[in-house]
Amino acid sequence: MTANPIEVTVKDGIATVFINRAERRNALSVAVANGLTDAWDMIDADPDIRVAVLTSADCGTFSAGLDLKEASQLMKEEGVDILSRMRDPFHEHMLGCSKPIIAAMTGSLMAGGMMLTLMSDLRVGIKGSKVGITEVHIGRGSPWCAPAIAMLPQPMLMELVLTGDLMPIEKLHAFGFINYIEDTPDAVRARAYKLAERIVTGAPLSVLAAKASVRAFMDVGVTEGLAAAKVAHKAAYASSDAIEGPRAFAEKRKPVWRGK
């Protein structure tokens, strides 16, 4: 088990937020989620940080999403849902961060991995990787995907959330959701840092205002949409299926859905 799953370093105005859980496909455990919340709060408050790059340990997966094994263990041993242990389970601190965030995605991403990508401002991916919102396969939900309606065509978003299937990253790149796709993890990070270096050269207040203004226009409908989506998912999170999904995953069997 990685002692410190979130590592933050700062150099020349660029913060690097590194998810270090290759052994668990960079899944979002309680420690990871809370570590990310701390990181975004620190970055937002530090005037010397101009931009952040979010990346993760190379293992073929940028982030596999919620740590389903830990979710199953917490329910079994303590009778609590994993989200109750996360201070910001839908990563709204990241969404509200005033500094630009670049996602350097060195592998495939699904569920919570896609959530982190949505909360970023610029995205660099790796060729041949897959992207998906897989919550329907684990009895959970994706209220956090509300902002995606301003980023992806409605039919594509519907396919992602309704089927839970993975799409080639090239398809999302073609629609402009991914800024760049590169051949290797090192090239992905190199591209992300080139973007970060360009941002750092801009006037600080202008950069902050640029992000704030774009987000303000996006938030017309998005903020209320996220609130409504969270309400709509209350039943799903409180259901027996929300327990069954992580349990079946941990037991390496097909889930038995009850729809309640």
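**Exercise 1. In which helix is Ile43 found? Work out its surroundings too.**

Before starting, note that this is a predicted model, where local features need pLDDT of at least 70, side-chain atom pairs count only at pLDDT 80 or more, and totals for chains, interfaces and linings use all residues. Residues are numbered from 1 along each chain as its sequence is written, and side-chain values use heavy atoms, with hydrogens and water left out.

*Solution.*
- Step 1: Ile43 is found in helix 1. Helices here are DSSP runs of H or I with at least four residues, strands are runs of E with at least two, and both are numbered from the N terminus.
- Step 2: Ile43 has a relative accessible area of 0%, so it is buried. Buried means under 20% relative accessible area, exposed over 50%, and partly exposed in between, with a 1.4 Å probe and protein chains only.
- Step 3: Leaving aside neighbours within four places in sequence, Ile43 is in contact (heavy atoms within 4.5 Å) with Ala15, Val17, Ile49, Ala52, Cys97 and Lys99.

**Exercise 2. Describe the six-stranded sheet and what packs on it.**

*Solution.*
- Step 1: The strand order in this open sheet is 1-2-3-5-7-10, with mixed pairing. Two strands pair if DSSP finds at least two bridges between them.
- Step 2: Strand 1 (6-11) and strand 10 (180-182) each have a single partner strand, so one side of each is left without a neighbour in the sheet.
- Step 3: From one strand to the next, the twist averages 20°. Axes are lines fitted to C-alpha atoms, for helices over the stretch in contact, and angles run from 0 to 180 degrees between N-to-C directions.
- Step 4: Strand 1 and strand 2 (residues 14-19) run antiparallel and are joined by six bridges. Lys11 has Ile14 of strand 2 as its bridge partner.
- Step 5: Helix 1 packs on the sheet, touching strand 1, strand 2, strand 3 (51-56) and strand 5 (101-104), and its direction makes about 175° with that of strand 2.
- Step 6: Helix 7 (residues 185-200) lies across strand 2, strand 3, strand 5, strand 7 (122-126) and strand 10, at about 165° to strand 7.

**Exercise 3. Which residues have the most contacts inside the largest nonpolar core?**

*Solution.*
- Step 1: A nonpolar core is a set of buried Ala, Val, Leu, Ile, Met, Phe, Trp, Tyr and Cys residues joined through side-chain atoms within 4.5 Å.
- Step 2: The largest has 55 residues, and those with the most contacts inside it are Leu36, Trp40, Leu54, Met114, Trp144 and Leu172.
- Step 3: Helix 1 (residues 30-45) gives the most to this core, with seven residues.
- Step 4: A second, separate core has 13 residues, including Ile126 and Val188.

**Exercise 4. Which residues of helix 2 are buried, and which are exposed on its other side?**

*Solution.*
- Step 1: In helix 2 (residues 68-78), the buried residues are Leu68, Ala71, Ser72 and Leu74.
- Step 2: They fall within an arc of 160° seen down the helix axis, so they line one face of helix 2. The arc is that of the directions from the helix axis to the C-beta atoms.
- Step 3: Lys76 and Glu77 are exposed on the other side of helix 2.
- Step 4: The buried residues of helix 2 pack against helix 1 and helix 10 (241-250).
- Step 5: Just after helix 2, Gly79 takes a positive phi of about 70°.
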